[in-house]
Amino acid sequence: MTSKVVASGLEVLEEKIMDKTGELTIDCLLDCIQALVTDCNHPALKRLKNIDLFLQRYEKLSTFIINNRLKPADFDVIKTIGRGAFGKVDLVRHKNSKQVYAMKLLSKSEMIKRSESAFYWEERFIMAHAATDWIVKLHFAFQDERYLYMVMDYMPGGDLVNLMSNFDVPEKWAKFYCAEIVLAVDSIHKMGFVHRDVKPDNMLLDRNGHVRLADFGTCMRMDPKNLVWCETAVGTPDYISPEVLESQSSGTNQRKPYTNLCDWWSVGVVLYEMIVGDTPFYADSLIGTYGKIMDHKNSLQFDPEATISKDAKDLIRSFLTDQTERLGKNGVDEIKEHPFFKNESWTFDNIHTSVPPVIPDLKSDDDTSNFDDIEDNDGNMEDNCFPIPKAFAGDQLPFVGFTYSSREQYFSDRTKKFMENNSVDTEVEKERELKLLQDEISGLKSICDGKDKSLNLLQEQKLSLTQQYNDLTNDMNSKIDSLKKELEASNERFESLQRQLNQEKSLKLQAVNRLAEIMCRTKIDQLELETEQNFASLYKNQLEEMKEEMEERQKELNQYKHNLELTMSRLHSEIASRKMIEEKLVEFEKVRDSKDHEINDLKSVCDGKDKTISMLRQQEQSLSRQLNDMSIDMNNRMESVKNELDGNNERFELLQRQLNQEKLLKLQAVNKLAEIMYRKDPKKSSKENSYELRKREKECRKLQQNLTTERERFDQTVARLQKNLSETQAALHEEGQAKLRLEMEVEELKKKVQQHAAGSTEPGAVQNTPAVDLNTSHGGDANKPVDKPKNRRQRWLRLQ
């Protein structure tokens, strides 16, 4: 029983370990060893005996794990293509597979400092487990002492910001890209998350030109009521929704939750920006932008010179409204059904297989022409490390379990063997079919043999049952005879006891008569009377003993009767069982007869089949001869027909490829012509410069926002340090005052000692003066209270 319980428990653990979406994975267990060794491997902690023993046991194992797991040295860095507040993004190439990836580096120390706004666990979960083509896929996630690494798909097409800076996006293009953005945002919502930072910078284009949603560092999981509670400022000012601004109010009582509808607000801002060329709530200051967002009913305006359809305006207004009336509150289907998305080229179901408006022109797999050049400023990255702790801090523990791989890294040999054992060869299947046919023939023979054996067994069972029945009847008859003899003996005993009782009764009557005669006698005969009374008592005792013996005999007789009834009931049950056995034997004989008939039928069927098989073989030989003759003619004809069909198929495939190629070239030519038409002229750089200027201003406002938050944190730390400084200064001042008082007391004591040494001439005065000085310290005032020491240093001085 215990072994079964242990086995079931191990199976449950194995299922947990093999589940990639769970928390108990092999990578998590290996991360635990690395994290504990890294956190304990400091000089101050090695002094502790338990930690030192732990390091002696697992430090080499941790090094072995690090050397054999994925690490940054396994990649060649090609170029830095992005930089953020928590780290950077590098274009890398894997040394073994030569595959190009985008590798994101996140500083662990910055993650801990800004834990309220860093959602790296959500980012890893979404990219690792999103089963959709609209989200950038995570291939690997690993870590070292200072950084988290996420290796994901490289999107060489750049982002929508780059697209809008190179082209004047027409409404037809905006419709296509907005539809793909809707599907990408909906895939995040179906996973139970809110993105909270939907903007063109986070909309990447793959090598085919389709949109991929990225940068999930602001994502937050919704509660069971599909609400999000967050106090920290998250998002980009131009794309943030009014309900998110209300939730970021400083007053805790005014804090309100919001739903995933805030992402649809951002989608409306992105659509407006693609068509118009600027964000709808742009202002010169951050406060002005927030004011326009909160007053969106009056501030949302469309440029009369801009060419924008009524459906586009209606969709933007439906997105940029209060969350109670916003499009998407009843699901994504009402967004897909909006008239703005109606067209003849694609639908929401096949948009991913359709040709996008712009296909990136790539020269190689590591082409970075669609990304801006970023300065290599890795000096700040090198400073991102944890301070050396004096006690156990557990800096690496929050990142345990972050390591991930989309491929099967462990138990690969075992799974291969399992697949090899489960794979079935076609030749083996054919052999099995032949064996099955042979088994059917031998099965019929075995059935006949089994029937004969079963009949023999039934006959043997019948003989054994009849013998058992005869034995039981003989035993029962012998038992009945013995019980009858015992009953007769008991009856004889009862009659003898009855006769003795009658004799005793007659004796009793005689004794009574004699007693009456004695009573008539005189007093002289009193002695004889007493003797007769003694005899009478003796007879009474004997009579009672005889009665008791009679009662015991009666009980034995009743017991014998009860046993006789039991034996009779057993005899009846045995007779009934014998009847049942006889009925079963009759049934068995009937079954035997039926089986005999079946066997005879099968034998006749087998004989008939043998005859038919022999006849079919003869026919087969004759037919095979005819078929050989006909097959020779048919092969000659088929070869000629095949040659003609092959030539026709090759011509058809060639024409089909030419047709598909012509269609693709035509569509690419149309798209290329549209690109040329909508590509911005570098000579007419006023609009582009204004767009770039607005882009730089957005970045400056974002940096200004980050600067204000950092300045607030800096002011808080300065205030805290000033408070500590004032407290230390006050303590130093108090210690100085206490030191001056003690010096004055010491001088007074010295003066008193000198006066006492100079003025004392009698021995008694020398003995009494110190007692008076000790009781009258502080200038000799006995009633003056003594100052209480305020710190450890003052207490030490008072003891001196």
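This note walks through selected features of a predicted model.

1. **Strand 3 and its cover.** Start with strand 3, residues 100-107. Eight of its eight residues are buried. The cover is on both faces. One side carries Val100, Ala102, Lys104 and Leu106. The other side carries Tyr101, Met103, Leu105 and Ser107.

2. **Partners of strand 3.** Strand 2 spans residues 87-94 and runs antiparallel to strand 3, with seven bridges joining the two. Within this pairing, Arg93 has Val100 as its bridge partner. Strand 5, residues 147-152, also pairs with strand 3 in the antiparallel sense, here over six bridges. Lys104 of strand 3 stands opposite Met150 in strand 5.

3. **The hairpin turn.** Strands 2 and 3 form a hairpin, with five residues between them. Look at Lys98 in that turn. Its phi is positive, near 60°, and Lys98 is not a glycine. Most residues other than glycine have a negative phi. Lys98 is exposed, with a relative accessible area of 52%.

4. **A second positive phi.** Asp215 also has a positive phi of about 60°, although it is not a glycine. Asp215 sits in the loop between strand 8 (211-213) and strand 9 (220-221). Its relative accessibility is 33%, so Asp215 counts as partly exposed.

5. **Salt bridges around the hairpin.** The whole structure holds 16 salt bridges. One of them joins Lys95 and Asp76, at 3.9 Å from N to O. Lys95 lies in the loop between strand 2 and strand 3, and Asp76 lies in strand 1 (residues 75-83), so this pair ties together parts 19 residues apart in sequence. Lys95 is partly exposed, with a relative accessible area of 37%. Asp76 is partly exposed as well, at 37% relative accessibility.

6. **A long-range salt bridge.** Arg93 and Asp365 meet through their side chains in a salt bridge of 3.2 Å, N to O. This pair links distant parts of the chain, 272 residues apart: Arg93 is in strand 2, and Asp365 is in the loop between helix 14 and helix 15 (379-382). Asp365 is partly exposed, with a relative accessible area of 33%.

7. **A salt bridge within one helix.** Lys113 and Glu110 form a salt bridge, with their closest N and O atoms 4.0 Å apart. Both residues lie in helix 5 (residues 108-113), three residues apart, about one turn of the helix. Is each end of this pair buried or exposed? Lys113 is exposed, at 61% relative accessibility. Glu110 is buried, with a relative accessible area of 13%. Elsewhere, Asp27, Asp31 and Arg69 are joined into one network by salt bridges that share partners.

8. **A buried charge without a salt bridge.** Glu180 belongs to helix 8 (residues 171-190). Glu180 is buried yet has no salt bridge. What is the nearest side chain of opposite charge? Arg212 is, and it is 8.3 Å away. Glu180 does have a polar side-chain atom 2.8 Å from the backbone nitrogen of Val211.

9. **Aromatic pairs.** The count of aromatic pairs comes to 20. In one of them, Phe54 and Tyr58, the ring centres are 5.2 Å apart and the planes stand at 35°, so the pair is tilted. Both residues lie in helix 4 (residues 49-68), four residues apart, about one turn of the helix. Phe54 is partly exposed at 23% relative accessibility, and Tyr58 is partly exposed at 28%. Phe167 and Trp173 have ring centres 5.7 Å apart and planes at 70°, so that pair is edge-to-face. Phe167 and Trp173 are both buried.

10. **A ring cluster, and charges over rings.** Phe176, Tyr177, Phe340, Phe341, Trp346 and Phe348 are linked by ring pairs into a cluster. One of these rings also has a charged neighbour: Lys175 lies over the face of Phe340, 5.5 Å from the ring centre. In another case, Arg221 places its charged end over the ring of Phe125, 5.3 Å from the centre.

11. **A loop contact.** Gln323 lies in the loop between helix 13 (310-319) and helix 14 (333-336). Gln323 is partly exposed, with a relative accessible area of 28%. Its C-alpha atom is 8.6 Å from that of Thr259, and the two residues are 64 apart along the chain.

Definitions and conventions: Residues numbered from 1 in each chain as written. Predicted model: local features only at pLDDT ≥ 70, side-chain atom pairs only at ≥ 80, totals over all residues. Heavy atoms only, no water. Phe/Tyr/Trp six-rings, centres within 6.5 Å; stacked < 30°, edge-to-face > 60°. Buried < 20%, exposed > 50% of the residue type's maximum accessible area, 1.4 Å probe, protein only. Lys NZ or Arg CZ within 6 Å of the ring centre and 35° of its normal. Pairing = 2+ DSSP bridges. Lys, Arg positive; Asp, Glu negative; His and termini not counted. Polar contact = N/O pair within 3.5 Å; in protein donor to acceptor, adjacent residues only side chain to side chain.
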